[in-house]
Amino acid sequence: MSTQNIYILGIESSCDDTAASVIHNGKILSNIIANQKIHEAYGGVVPELASRAHQQNIVPVVDQALKKAGITKSQLSAVAFTKGPGLMGSLLVGTSFAKSLAFGLNIPLIDVNHMQAHILAHFIDEDGFDKPPFPFLAMTISGGHTQIVKVNHYFNMDVIGETIDDAVGEAYDKSGKLLGLGYPAGPQIDKLAKLGNPKAFTFTKPKVDGLNFSFSGFKTAVLYFIQNQVKENPNFIEEHLNDICASIQYTIIGILTDKLKQASKQTGITHIAIGGGVSANSGIRQALKDGEAKHGWTTYVPKFEFTTDNAAMIAIVGYLKFLEGDFVEQNVMANSRLKI
């Protein structure tokens, strides 16, 4: 196959964002995302509402992505889509659309692991952003995942640590709900944390063997702390919100960086990358950069728009797989529990 002029359409529909992106020889030409605001009223993603919104959004989002890229669908070399993990109803919309489009255009179809894509987003050609060398450690942090991955090559990855219960994104959202913050709470806690004292209140870090994580105990600690304080002072949250958020964020960052230090020591790898929606958090990004001086790391933080769920990361994986001729047949199926 010619590798001179490769255009890949990436489609992402794993949760509550419908996204499409066009990549040309490793360079992103468009990255369109349609957010679903309806879930804010429910304090979390409602799967049925998400899949219906994907059905409404996918055609205009893909159309806009092609137009912004300045190409027609007849110029596409292949269609890449998120196979999983994610919400099954949401995945089915993107999978079905991608299969139909590829079939209609008689071009290859490429399936993409959503969590691998968060890691491989680092290989998008972007001025001012270095690409990590193999092997490197990747921490993938999102609403549903918290993992440390040893990345040996593009599609050779080993999960060496992961959460045994809740993910870091859930810890942010559940803590935020206790504080009366809206959904998603992570960005709000991050913003308020900048105004508070991170050592105002102390929360115990869960003790978990090896490189695994646990956040259920942390959430319970925050719950009991808030309940006890509010009993003594009904206005406690309002009077100390910034300090509470700063202390929550400080503890979460400590949990993550402690495990990263351990992983780096065990593997001898000092190239550290982050990915996933929670990697948009400014405190986590800063802690990772601080690790360069403290621990001798070389750190890699993706461009902000490539951290949350987006189709550019699907497109780059599609491009890398296209170069290897790694295609799938029309009988491919979505997998809500797909592993790295």
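Helices and strands here are DSSP runs, numbered from the N terminus. That's the naming used for everything below, and the model itself is a predicted one.

**A turn to start with**

With those names in hand, take Asn 25, which sits in the loop between β2 and β3. Its phi is positive, about 50°, even though the residue isn't a glycine. Asn 25 counts as partly exposed because its relative accessibility is 25%, and partly exposed covers what falls between the buried limit of under 20% and the exposed limit of over 50%. The loop is a short one to describe: β2 and β3 form a hairpin with two residues between them, and Asn 25 is in that turn.

Asn 106 is the other asparagine to look at. Its phi is also positive, about 55°, and it isn't a glycine either. You'll find Asn 106 in the loop between α2 and β5. With a relative accessible area of 71%, Asn 106 is exposed.

**The five-stranded sheet**

Both loops lead into an open sheet. In what order do its five strands run? The order is β3-β2-β1-β4-β5, and the pairing is mixed. At the edges are β3 (27-35) and β5 (109-113), each of which pairs on one side only. Going from one strand to the next, the twist averages 20°.

Now for the pairings. β2 and β3 run antiparallel over eight bridges, and Ala 20 has Ile 32 in β3 as its bridge partner. On the other side of β2, six bridges join it to β1, again in the antiparallel sense. There, Tyr 7 stands opposite His 24 in β2. β1 and β2 make a hairpin as well, with four residues between them. The parallel part of the mix comes from β1 (residues 7-12) and β4 (residues 78-84), which pair over four bridges; Leu 9 is partnered by Val 79 in β4.

Two helices pack on this sheet. Helix α1 (residues 47-69) touches β1, β2 (17-24) and β3, and its direction makes about 25° with that of β2. Helix α2 (residues 88-105) touches β1, β4 and β5, with its direction at about 160° to that of β4.

Is β2 mostly covered or mostly open? It is mostly covered, with seven of its eight residues buried.

**β9 and its two neighbors**

Further along the chain, β9 (residues 271-275) has four of its five residues buried, so the rest of the structure largely encloses it. β9 pairs with β6 in the parallel sense over four bridges, and in that pairing Ala 138 stands opposite Ala 273 of β9. β9 also pairs with β10 (residues 298-300), once more in the parallel sense, over three bridges. In that case His 271 has Thr 298 in β10 as its bridge partner.

Here are the pairings side by side:

| Strands | Sense | Bridges |
|---|---|---|
| β1 and β2 | antiparallel | six |
| β2 and β3 | antiparallel | eight |
| β1 and β4 | parallel | four |
| β6 and β9 | parallel | four |
| β9 and β10 | parallel | three |

**Two cis prolines**

If you're setting up a simulation, check omega at these spots. A cis peptide bond joins Phe 134 and Pro 135, with omega about -10°. Pro 135 is in the loop between α3 (114-120) and β6 (136-141). Another cis bond joins Tyr 183 and Pro 184, where omega is about -5°. Pro 184 belongs to the loop between α4 (168-178) and α5 (186-193).

**The α6/α7 pair**

How do α6 and α7 cross? The axes of α6 (residues 216-232) and α7 (residues 236-267) come within 12 Å and cross at roughly 160°. Angles over 145 degrees count as roughly antiparallel, and α6 and α7 are therefore roughly antiparallel to each other. Their crossing is right-handed.

Which residues make the contact? From α6 come Phe 218, Val 222, Phe 225, Ile 226, Gln 229 and Val 230, and from α7 come Phe 236, Ile 237, Ile 244, Ile 248, Thr 251 and Ile 252. By type, the contact has ten nonpolar residues, two polar ones and no charged ones.

Technical notes
Residues numbered from 1 in each chain as written. Predicted model: local features only at pLDDT ≥ 70, side-chain atom pairs only at ≥ 80, totals over all residues. Heavy atoms only, no water. Axes fitted to C-alpha atoms, helices over the stretch in contact; angles between N-to-C directions. Parallel < 35°, antiparallel > 145°, perpendicular 65-115°, else oblique. Left-handed = near helix turned anticlockwise from the far one by under 90°. Contact = heavy atoms within 4.5 Å. Nonpolar A, V, L, I, M, F, W, Y, C, P; charged D, E, K, R; others polar. Pairing = 2+ DSSP bridges. Buried < 20%, exposed > 50% of the residue type's maximum accessible area, 1.4 Å probe, protein only.
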